[in-house]
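This report covers ring contacts and cysteines. The structure comes first.

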Amino acid sequence: MGRTTQRECGTAGRRGPDRERPAAWSAYGKLVRLFRERAGLTQQALADAIGYSMEQVASVEQGRRPAKAAFTEAAERVLDAGGALRVLQPDVDRAKLPLFFQDFALLEAEAVSRFSYDPMLVPGLLQTEAYARALLEAHFPPLEEEAIEQHLTARLARQSLLTRKNPCVVFSFILEEGALRRAVGGNAVLAEQLAHLRECSRRRNVEIQVMPTRRAAHSGVNGQIVLLETVERRQFLSIEAQGFVNIRSDRDEVSEFWLRYGMLRSQALNTEESARLIDRMAGEL
């Protein structure tokens with residue numbers, strides 16, 4: 001039997017008093033406190049040693065605030081944690097993502113290949129910080145500033161998949177031309193984003209193709225598609241729309257979408273033509 005997971009965004013980023021803090025944040029905070037007390041340090045002493053405020057250290061220990069990678073590296077050094085904090089950092093980062101996306105992020109972290117078609121926007125793995133921030137600030141209902149920063153940090157942390165070596169992940173991105181012309185954040189932000197796409201496309205494990213607007217109908221017009229294959233050679237399909245993610249693992253269903261994606265690749269511009277189009281669009285800004 002295939003597996004279907006459906007999660008709703010709903011109030012993503014608005015953590016009410018009745019909702020528990022992410023378990024990863026609490027577990028990480030308890031470890032920090034354990035190592036700090038073993039080292040005979042007060043919260044203030046640890047804060048001074050790693051360059052953070054006492055309030056920030058207290059918030060991390062209580063699981064109210066997620067630790068950033070810089071905090072973790074400093075705490076590892078000062079507390080001689082032996083990698084115990086560092087190994088939890090990916091879980092801490094993943095818990096910053098919207099709830100509806102966390103199941104997919106777990107699968108994505110195990111991928112050896114990731115093929116996607118994105119009709120509306122540049123996908124998160126390829127977004128610049130400014131582009132991603134502009135999208136988060138446009139969210140409605142509005143996100144709190146703290147939630148924006150948390151989602152932004154998590155989104156940028158996911159991009160380490162592009163450079164992961166063991167195992168290396170093979171990427172194929174098909175982007176609609178219209179998505180690349182949408183001036184998210186303004187022309188300056190879009191110009192930086194287009195330049196970043198060209199930089200990413202030079203990586204040997206990344207292919208970027210553009211679906212030209214002149215191709216009026218094609219096999220992806222029904223919406224976004226992400227196809228994953230994990231280290232164990234399990235294949236998954238993910239479809240996201242308006243804060244819902246539907247993950248499928250039924251072999252027949254997933255196989256149909258792999259065929260559909262193959263057709264999409266043949267209908268899009270090839271990588272060289274796509275690069276020239278992106279350069280041309282950047283020159284028009």
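Arg 260 lies over the face of Phe 257, 4.4 Å from the ring centre. A second arginine also caps a ring: the charged end of Arg 265 sits over Phe 115, 5.2 Å from the ring centre. Both placements come from a predicted model.

**Aromatic pairs**

How many aromatic pairs does the count give? The count comes to 4. One of them joins Tyr 52 and Phe 71. Their ring centres are 5.0 Å apart and their planes meet at 65°. Planes over 60 degrees apart count as edge-to-face, so this pair is edge-to-face. The contact links distant parts of the chain, 19 residues apart. Tyr 52 belongs to the loop between α2 (43–50) and α3 (54–61). Phe 71 belongs to helix α4 (residues 69–79).

Phe 115 and Tyr 261 make another contact, with ring centres 5.6 Å apart. Their planes are at 35°, so the pair is tilted. Phe 115 is in strand β2 (residues 111–118), while Tyr 261 is in helix α11 (residues 251–267). The pair therefore ties together parts that are 146 residues apart in sequence. Phe 115 and Tyr 261 also form one aromatic cluster with Trp 258. Phe 115 thus has a place in the cluster, and its ring carries the charged end of Arg 265 over it.

**Accessibility**

Are the residues of these two pairs buried or partly exposed? The table gives the values.

| Residue | Relative accessibility | Class |
|---|---|---|
| Tyr 52 | 23% | partly exposed |
| Phe 71 | 2% | buried |
| Phe 115 | 14% | buried |
| Tyr 261 | 1% | buried |

Buried means under 20%. Tyr 52, at 23%, therefore counts as partly exposed. Its partner Phe 71, at 2%, counts as buried. In the tilted pair, Phe 115 is buried at 14%, and Tyr 261 is buried at 1%.

**Cysteines**

How many disulfides does a search of the whole structure find? The search finds 0. A disulfide is a covalent bond between the sulfur atoms of two cysteines. Why is Cys 168 not bonded to Cys 200? Cys 200 holds the closest cysteine sulfur to that of Cys 168, but it is 14 Å away, too far for a bond. The cut-off is 2.5 Å. Seen from Cys 200, the closest cysteine sulfur is in Cys 168, again at 14 Å and too far. Cys 168 counts as partly exposed, at 40% relative accessibility. Cys 200 counts as buried, at 6%.

Definitions and conventions. Residues numbered from 1 in each chain as written. Predicted model: local features only at pLDDT ≥ 70, side-chain atom pairs only at ≥ 80, totals over all residues. Heavy atoms only, no water. Phe/Tyr/Trp six-rings, centres within 6.5 Å; stacked < 30°, edge-to-face > 60°. Helix = DSSP H or I, 4+ residues; strand = E, 2+ residues; numbered from the N terminus. Buried < 20%, exposed > 50% of the residue type's maximum accessible area, 1.4 Å probe, protein only. Lys NZ or Arg CZ within 6 Å of the ring centre and 35° of its normal.
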